[in-house]
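Here are some exercises to work through with the model open beside you. Try each task on your own before reading its solution.

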Amino acid sequence: MKKIVVLSGAGISAESGISTFRDAGGLWENHRIEEVATYEAWERDHELVLKFYNQRRKQLLEVKPNAGHYSLVKLEEKFDVQIITQNVDDLHERAGSKNVLHLHGELRKVRSTADPNLVYKLDSWELNKGDLCEKGSQLRPHIVWFGEAVPMIVPAAKISSEADIFIVVGTSMLVYPAAGLIDYVPVKSPKYLVDPNAREIRHISNLTVIPEKAGTGLVKLVDELLAN
Ligand code: APR
């Protein structure tokens, strides 16, 4: 079975009603996203950061996977599909995709501030100041904030290096190290970029740009790959 690796970003969830980072102007309640999604912000004001992620989690309960997410599930009929997502939502999983690696963490999970290995699934949408891990330390969102290390980049690079086909969908390819994963893909492997505002990404060989939304462009690409 050929291996298809998909690198997804905020754009694949846009048609579900979750606004992308850069399309939303990078603002939340007059705060720049960089002012809430950093470790410095957390140190300065736990409550502000918790409120931001509580809102994101609450919104997640109100949205559903879209045709783009479902098309990737269909791809598993004929391919070994591995998704690497920068998204912290769980829409790939809820659509039914089997192999999903989250590069930037997961909204539905929280972790201890004392021991990063203590990760918990949150049942409700709310995490508050005073919610503690089993060691008595404050719980924080299980999110990779700006300026923090991206531990999953190591397995993600290995997976990318094994891709027979690489699909990039709904990401501005501006945020590293995620955007650099395409450099690990073998030169001979076909690469596709699905994004309505797609621009050429540096000098990447074997790249086909599909300047469409995931709901149309990705669905068509998947149908073509399954038909061949
Ligand atoms: N289908 C496909 N792509 C779309 C759609 C759609 N319906 N709507 C918008 N897009 C594209 C935009 O054109 C843009 O190129 O999705 C991309 C979203 O880019 P960003 O907002 O930069 O999101 P992303 O690339 O996922 O951001 C990377 O940055 O803010 C941090 O950690 C955060 O994971 C995030 C990372």
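**Exercise 1. Find which strand holds isoleucine 84, and decide whether this residue is buried or exposed.**

Solution. Start with the strand: in this predicted model, isoleucine 84 belongs to β4, which spans residues 80-85. Next, look at its relative accessible area, which is 0%. Buried means under 20%, so isoleucine 84 counts as buried. As a last step, pick tryptophan 145, 61 residues apart from isoleucine 84 along the chain, and you should find 17 Å between the two C-alpha atoms.

**Exercise 2. Do the same for valine 36: which helix is it in, and is it buried or exposed?**

Solution. Valine 36 is part of helix α2. Its relative accessibility is 0%, so valine 36 is classed as buried. Now go 15 residues along the chain to lysine 51: the C-alpha atoms of valine 36 and lysine 51 are 9.7 Å apart.

**Exercise 3. Work out which residues of the largest nonpolar core touch the most other members, and which element gives the largest share.**

Solution. A general tendency helps to set the scene: in soluble globular proteins, nonpolar side chains tend to be buried together. Here the largest nonpolar core has 24 residues, and those touching the most other members are Trp28, Val49, Phe52, Tyr53, Leu60, Leu127 and Trp145. Then turn to the elements. Two or more residues come from each of α2 (33-36), α3 (39-44), α4 (46-62), β6 (105-112) and β8 (139-143). Helix α4 gives the largest share, with 6 residues.

**Exercise 4. Describe the surroundings of the ligand: how many residues are in its shell, and where does the ligand lie with respect to the two domains?**

Solution. Begin with the count: the ligand is surrounded by 21 residues, the closest being Arg22, Thr171, Ser172, Asp195 and Asn197. Sorted by class, the shell holds 7 nonpolar, 9 polar and 5 charged residues.

Next, take some polar contacts one at a time:

- A polar side-chain atom of threonine 171 is 2.7 Å from a ligand oxygen.
- At alanine 10, a polar backbone atom lies 2.8 Å from an oxygen atom of the ligand.
- Glutamine 86 has a backbone N or O atom 3.1 Å from a ligand oxygen.

On its own, the ligand has 740 Å² of accessible area, and the protein covers 94% of this.

Finally, place the ligand. Domain 1 (1-17 + 65-104 + 150-228) and domain 2 (19-62 + 109-143) both contribute residues to the shell, so the ligand lies between them.

**Exercise 5. Look for unusual backbone geometry: which peptide bond is cis, and where do methionine 173 and asparagine 206 lie?**

Solution. Recall what to expect: most residues other than glycine have a negative phi, and most peptide bonds are trans.

First, the bond from tyrosine 176 to proline 177 is cis, with omega near 10°. Proline 177 sits in the loop between β9 (165-169) and β10 (191-194).

Second, methionine 173 is not a glycine, yet has a positive phi of about 55°. The loop between β9 and β10 holds methionine 173 too. With 8% relative accessibility, methionine 173 is buried.

Third, asparagine 206, also not a glycine, has a positive phi of about 60°. Asparagine 206 is found in the loop between β10 and β11 (207-210). Its relative accessibility is 43%, and asparagine 206 therefore counts as partly exposed.

Conventions
Residues numbered from 1 in each chain as written. Predicted model: local features only at pLDDT ≥ 70, side-chain atom pairs only at ≥ 80, totals over all residues. Heavy atoms only, no water. Near = heavy atom within 4 Å. Polar contact = N/O pair within 3.5 Å; in protein donor to acceptor, adjacent residues only side chain to side chain. Areas by Shrake-Rupley, 256 points an atom, 1.4 Å probe, with all protein chains shown as cover. Nonpolar A, V, L, I, M, F, W, Y, C, P; charged D, E, K, R; others polar. Domains from an automatic or database assignment. Core = buried A, V, L, I, M, F, W, Y, C linked by side-chain atoms within 4.5 Å. Buried < 20%, exposed > 50% of the residue type's maximum accessible area, 1.4 Å probe, protein only. Helix = DSSP H or I, 4+ residues; strand = E, 2+ residues; numbered from the N terminus.
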